[in-house]
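Biologist: Please take a close look at chain A of this model, with a comparison to the other chain where side chains are concerned. I would like one connected account.

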Amino acid sequence: MTTIIAQTISKAVFAICLMYSVNLFIHGANYPGGGFIGGVLLVCGIILIYVTFGINRADKMFKQDWFGWFGFGLLFASIAAIFPMFKNHNYFRSAFNVVHFEFFGISFGELEFASSMMFDVGVYFVVIGGLVFIITQIGKHKYSPPKEKDEKNVSLDRKDNIILPEPKEETEITDNTVSAAEGLQ
Amino acid sequence: MILQIASTIDNLLLSVPFIYNNVDVLPIAVPLLAGALMILFRHRIKFQKYLNLAVSIIILILAFLLITKVIVNGPSAYAVGEFGKYGIVLVADLLSSSMVLLTAFISLMCVIYSYEYIESESLNQSYYALFNLMIAGLNGIFLTGDIFNLYVFFEIMFLASIGLIFANEKLSSTLIEHKFEGAFKYLVLGMIGSTIMLIAIITTYGTIGSLNMADIALKISILNQEGRLPWQIVAAGLLFIIVFGNKAALFPLHYWLPDVHPTAPTPISAMLSGILIKVGVYGILRIVFLIYAPASSYYLPVLMLISLITIVVGAIGAIAQTDLKRMLAYSSISQIGYVFLGLSIGTAGSIAAAFVYMIFHAVAKSMLFLTAGGVIHHAETRDMTKMGGLIKTMPFYSAAFMIGAMSIAGIPPIAGFFSKMYLLKTGLEAGATIAVFIALITAFATIYYMFNSWISIFWGESLKNKRFHSSHEMMLPIAILCVFAILLGILCNPVFEAGDIVASQIIDPELYISTVLKVIPR
């Protein structure tokens, strides 16, 4: 999977995915598409990069906190829903306006801007952040056979099964388990 | 007097139109927003802690304002967005608003408790965010007036609670394998349940052509008056009962609960046993008495049989357990059987008794779970046979456990006695003598297993000499819940009055339906 051909093509495919997902996203409200589908399409592109370049290199390429994207999306969607309440409307009330694009007498068509699109932006980020976060977490998880348990069945930390990038934390965990075992004896 | 206080608060609230107009939706909107903020601030530990405390208190205040509004003005409906007639409707009648208040109260206690109890690593990752999303889902379930949104909120609550089961305790006595096993059962059964729920929703929509609860109820009652009730409606109602019965751990689907509730960290166990299984009760109340009310004569005898088996099976399971939290989980199964017994007798009095039983059980059982968490921290094991003599080292916890055990077993001055007595009394009045007899016999078993566990934990040879130094964060929620368990017993009249109003609203859903049909988007 990590041939130079696959890497080069996946970069090109990522760009196409990005453009098509934005297109799907903008057409959302009235035509097939929207935040969810657009987000999933972009995730396909991102995951392709992760597959071809490997998880460490792809993480360095993107340098994104995907869980943060999830939170940001949820915040955006939530604010988009709450805002009408300050204008004496109900939760999630939407308004819309049609904008004509016309430059120098040449019409470029028209786009419908609905305030529910802000909610869709939130969904877009939630989908991207959530899916990429879950898939990369599964990718980082390496199975190791369970360690031999103590006599008293002392619970070990959950991170025993996960290989962490920083060696610092691993030493801390072993210290904890040792001290917990000592405390019981 | 309560009405006077409520109307003064309501008048005060009128001066703040933003909150007064939106108080129906704010218990959902605030935790949803807070969940997002918690993710963004997950590296700032202190800030997140205080923010979450503030949010929980705000939700409690909002729930209180909502219930005063409902007490003064009757049921209120709220149209979310602008989807025309019967779009997304939130309905707050006395049942749902009191469930929201109960959720807010218990969750505040669990939040305070988890500061000390949950491992800081888990707290800083996603604990607060998932907790807030779970609260949003729960409030949504209780407030929504639309079966599809019921499904959506159900899923939010369910998925968030799975994430919370994996949060680690500081001094964990639960193996990660057990957590995985419990969560896997919970996940698979919940997913099957969600699929069944979706099938039931589709069946109802395909037959009736509406998703709004009040609208469906009206149309089904008209069909029934003409004698043309389609058979699919009865089947769809049964499917809903299976789903909510699974959530409430009714007899054939109860086996996941003793694996899931003990393996979750203690504050989450308290939430699961205190609130989440009541979601099943709430759902079945709405299904049997509102939406599919004309078909309820098919459902109630089945529910009564199942509830009796649940009572007995849960009690026998609890007697056999030596694991403290597992015993409490089996006790939850048995107690939820009592709630369903009251519900299935189907008279106004017995439904009121079931409602009161539900509230008193939530307070007592969440307090017992929180106490058990402290005991497990001290004894470093969940096995009751390895404990003993802890009364010397943790007197506060032994008193709290005693009060909880008295409430669950039904010993007079504590809350649980009055609800159990009222339940059995209304059952006898309705003529369900055999059912009441079985419930009464099992009540003795309840007394046995609660006090047997208390004795084996707190009496006997002392194994620990060091006094248990519990932090205030752990003791405060237990103390508050203790005070409530006693106060609700001494001053139980307002709760019973509220129960009567709830039952009259459930039996005769005319007011609910007319409120929803009059709603206008704003």
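**Chain A and its confidence**

Modeller: In this predicted model, residues 150-160 of chain A keep a pLDDT under 50, and the model gives this stretch 25 contacts beyond four places in sequence. A further stretch of chain A, residues 168-185, also has pLDDT below 50, with 16 contacts in the model beyond near neighbours in sequence. Where pLDDT is low, the predicted coordinates should not be read in detail. The contacts listed for residues 150-160 and for residues 168-185 therefore call for that caution. Over chain A as a whole the average pLDDT is 77, and 75% of the residues score at least 70.

The secondary structure of chain A consists of six helices and two strands. Along the sequence the order is α-α-α-α-β-β-α-α, with the two strands placed between four helices before them and two after. Chain A has 185 residues, of which 34% count as buried. Among its contacts with a separation of 6 or more, 55% join residues 24 or more positions apart. The accessible surface of chain A is about 11900 Å², and carbon and sulfur atoms account for 66% of this area.

Helix α1 spans residues 4-26 of chain A and contains A:Ser21. Is A:Ser21 buried or exposed? A:Ser21 counts as buried because its relative accessibility is 0%, where the limit for buried is under 20%. Leaving out residues up to four places away in sequence, A:Ser21 touches A:Gly38, A:Leu41, A:Leu42 and A:Tyr124.

One of these contacts leads to the aromatic residues, since A:Tyr124 is touched by A:Ser21 and is also a member of a cluster linked by ring pairs. The other members of the cluster are A:Phe14, A:Phe25, A:Tyr50, A:Phe62, A:Trp66, A:Trp69, A:Phe72, A:Phe76 and A:Phe125.

Over all chains the count of aromatic pairs is 37. One of them, in chain B, joins B:Phe41 and B:Phe47 edge-to-face, with 4.8 Å between centres and 65° between planes. Both rings belong to partly exposed residues: B:Phe41 has a relative accessible area of 26%, and B:Phe47 has a relative accessibility of 38%. Another edge-to-face pair is formed by B:Tyr127 and B:Tyr128, at 6.0 Å centre to centre and 80° between the planes. Here the residues are buried, with relative accessible areas of 3% for B:Tyr127 and 2% for B:Tyr128.

Chain B also places lysines over tyrosine rings. B:Lys49 lies over the face of B:Tyr115 at 5.2 Å from the ring centre, and B:Lys69 lies over the face of B:Tyr20 at 4.8 Å from the ring centre.

That leaves the cysteines. How many disulfides does the structure hold over all chains? The number is zero. A disulfide would need two cysteine sulfur atoms within 2.5 Å. In chain A, the sulfur of A:Cys44 has its closest cysteine sulfur in A:Cys17, at 6.4 Å, so this pair is too far apart for a bond. A:Cys44 counts as partly exposed, at 46% relative accessibility. In chain B, the closest cysteine sulfur to that of B:Cys482 is in B:Cys110, and the distance of 14 Å is likewise too far for a bond. B:Cys482 counts as buried, at 8% relative accessibility.

Note on methods:
Residues are numbered from 1 along each chain as its sequence is written. Chains are lettered from A and ligands numbered from 1 in the order in which they are written. Side-chain values use heavy atoms; hydrogens and water are left out. Buried means under 20% relative accessible area, exposed over 50%, partly exposed in between (1.4 Å probe, protein chains only). Contact means heavy atoms within 4.5 Å. pLDDT is the predictor's confidence in each residue, from 0 to 100. Rings of Phe, Tyr and Trp (its six-membered ring) pair if their centres lie within 6.5 Å; planes under 30 degrees apart count as stacked, over 60 as edge-to-face and the rest as tilted. A charge sits over a ring if NZ of Lys or CZ of Arg is within 6 Å of the ring centre and within 35 degrees of the ring normal. Accessible areas come from the Shrake-Rupley method with a 1.4 Å probe; for residues, only the protein chains shown count as cover.
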